[in-house]
Amino acid sequence: MQKQKNVFIQTFGCQMNKLDSELSLGLVRETGYGIATEIGDADIILYNTCSVRAHAEEKVYSHIGALKARKLREPGLIIGVLGCMAQKDGKQVFKRSPHVNLVIGTRMLHKLPDILRSAEECEEHILAVDKDQFFSIPRFVNGHDNGFQNYVSIMRGCDNYCTYCIVPYVRGSEVSRKIDDIYSEVYQLADHGCREVTLLGQNVNSYGKGLDDGSNLARLLQKIGKIDKLERIRFVTSHPKDVTKELLEEMKNNPKICRYLHLPAQSGSDKILQKMNRKYTSKHYKDLVANARKIMPGISISSDFIVGFPGENDADFNETVELLNDVRFFNCFVFKYSPRKGTVASRLKDDIEEKIKKDRNQILLNLQKKISLEENTKLIGSNFDVLVERLNTKTFAPKSTDKPEESFQGNFMGRTKYNHIVIFSGEDSIIGKTVSVKIDNATEFTLYGKQLN
Ligand code: SAH
Ligand code: SF4
Ligand code: F3S
């Protein structure tokens, strides 16, 4: 009998890619492959890729390049490129890296086992980037460790066409899953030990569009909230133009929904927002945040920003700085603009020098660090319910304080409903459980404390 082949997947990009990798591994396992935990033990190496910025793509190509020598030593090794960059670059991947065996786009992942079998039988390059395929990777909720935290996709694709963004081109147009299918997936997961589910979509607020049964995100959350064994529900990503009052009210009334909104603003300048095709103004954004905070005091709001979008002058950038100061985000992810071929913005001149992009990036990150530290420090002395995620093995002593190192230690790591990361000392075997923690220290990224009960 032939030896069972082991598959290893390395994932780049967003949570949707992480989920796709997980589901793909489940699928290949179900069809007779083994799972390698180390790349060195793998017979089949797959990269699930991201195209959102040039840097994300370069990283993948450099990993693939590093496998050239191994492929010469082990000609039977199968190397595959999956996901967004596979969809975007197609057969170009083979041109650049001829030792790659297969390229599978975002909507062909459900065919992975068949494609792997073909690759084992023939030496030829296999390209599977069909765009018209209906796409869904089945989930096998069974004896394998499904964990107590799971991602569940509620929709795929994006119709927003923000002018800088490649996602609608590589992921296709929006398709929402049926509310009953999502419900039964979450129900099964909860039945197998899942305590926290994160609902995923590029723009979860437009969930339900095209279903013609009146479904929307608020109603989906209400339905899932009724699953007894489930403790927490998160969802990402929200688009500021589509957050409704109904959604905010549902969040308020449903104690299982985490007090957290990832609400990418991208810029504080109306001129830039318009050029980005974001369809809101900075005033609309601020009003929305104020409203969310009025309905749910203390809610954490995080954001993404792009610096150095074409035409972003000092005055535009200062408006972004102002927005950070005004809103006082929980957290911000800041990206330097990276032109993506095929997008509308790529036709504009990428006119902001790299040095300016870097400086603006640093200014926003430093400002956000200061804000986060100030906000986190206010929480010292409070108690939080923390869902314990894992053991903590790191010790961290921030340079900026004169507190002893023990103040920043703890054997567990978990999260509050507000998405704070908490490192704390607690009793044995609490992973996967919710415990009460008293906060006694803080840095910009982390709260520290001790278990109370
Ligand atoms: N659908 C999500 C995720 C999109 S990608 C959303 O709308 O938020 C995640 C982030 O990458 C975006 O929010 C944006 O800030 C950033 N991004 C997207 N395209 C980019 C580009 N061409 N250059 C730099 N950053 C980009
Ligand atoms: Fe990209 Fe905009 Fe869609 Fe997000 S909403 S995936 S930034 S096009
Ligand atoms: Fe990247 Fe694709 Fe996600 S481009 S951000 S992995 S949808």
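Is Asp 114 buried or exposed? The first legend takes up that residue, and every view below comes from a predicted model.

**View 1. Asp 114 on helix 6.** Welcome to the first close-up, where Asp 114 sits in a helix that spans residues 112–121. Asp 114 counts as exposed because its relative accessible area is 51%, and the cut-off for that class is over 50%. Look for Thr 31 as well: the two residues are 83 places apart in sequence, yet their C-alpha atoms are 9.3 Å apart in space.

**View 2. Ligand 1 and its polar contacts.** Here 14 residues surround ligand 1, and the closest of them are Tyr 164, Gln 202, Gln 266, Asp 304 and Ser 338. One oxygen atom of ligand 1 lies 2.6 Å from a side-chain N or O atom of Asp 304. A polar atom in the side chain of Gln 266 is 2.7 Å from an oxygen atom of the ligand. From Ser 338 the partner is a polar backbone atom, 2.8 Å from a nitrogen atom of ligand 1. On its own, ligand 1 would expose 540 Å², of which the protein buries 88%. Strand 13 (300–307) and strand 14 (331–336) each give at least two residues to the shell. By class, that shell holds 6 nonpolar, 4 polar and 4 charged residues.

**View 3. The shell around ligand 2.** Among the residues around ligand 2 you will find Cys 158, Cys 162 and Cys 165, together with Tyr 161, Tyr 164, Gln 202, His 239 and Arg 278. The shell comprises 7 nonpolar residues, 3 polar ones and 1 charged one.

**View 4. The shell around ligand 3.** This shell includes Cys 14, Cys 50 and Cys 84, as well as Asn 17, Thr 49, Ser 51, Arg 171 and Gln 202. Sorted by class, the residues are 4 nonpolar, 5 polar and 1 charged.

**View 5. Leu 199 in the largest nonpolar core.** The largest nonpolar core has 53 residues, and Leu 199, Phe 235 and Tyr 285 have the most contacts inside it. Beyond its neighbours within four places in sequence, Leu 199 touches several residues, including Val 152, Ile 154, Leu 220, Ile 233 and Phe 235. Another core of 25 residues lies apart from this one, with Met 16, Ile 115, Ala 128 and Val 236 among its members.

**View 6. A cis peptide bond and two positive phi values.** Most residues other than glycine have a negative phi, and most peptide bonds are trans. Val 236 and Thr 237 are joined by a cis peptide bond, with omega about 0°. Thr 237 belongs to the loop between strand 11 (232–236) and helix 10 (245–253). Asp 212 has a positive phi, near 60°, and lies in the loop between strand 10 (196–200) and helix 9 (217–225). With a relative accessible area of 77%, Asp 212 is exposed. Arg 328 also has a positive phi, near 50°; its loop runs between helix 13 (314–327) and strand 14. Arg 328 is partly exposed, at 27% relative accessibility.

**View 7. Thr 446 in strand 19.** Our last stop is Thr 446, in a strand that covers residues 446–451. Thr 446 is buried because its relative accessible area is 12%, and the cut-off for buried is under 20%. Leaving aside neighbours within four places in sequence, Thr 446 contacts Asn 376, Ile 421, Ile 423 and Asn 441.

Conventions: Residues are numbered from 1 along each chain as its sequence is written. Chains are lettered from A and ligands numbered from 1 in the order in which they are written. This is a predicted model: local features need pLDDT of at least 70, side-chain atom pairs count only at pLDDT 80 or more; totals for chains, interfaces and linings use all residues. Side-chain values use heavy atoms; hydrogens and water are left out. Helices (H or I, at least four residues) and strands (E, at least two) are DSSP runs, numbered from the N terminus. Buried means under 20% relative accessible area, exposed over 50%, partly exposed in between (1.4 Å probe, protein chains only). A residue is near a molecule or strand if one of its heavy atoms lies within 4 Å of it. Ala, Val, Leu, Ile, Met, Phe, Trp, Tyr, Cys and Pro count as nonpolar, Asp, Glu, Lys and Arg as charged, and the others, Gly among them, as polar. A polar contact is a pair of N or O atoms within 3.5 Å; within protein, one must be able to donate a hydrogen and the other to accept it, and residues adjacent in sequence count only if both atoms are side-chain atoms. Accessible areas come from the Shrake-Rupley method with a 1.4 Å probe; for residues, only the protein chains shown count as cover. A nonpolar core is a set of buried Ala, Val, Leu, Ile, Met, Phe, Trp, Tyr and Cys residues joined through side-chain atoms within 4.5 Å. Contact means heavy atoms within 4.5 Å.
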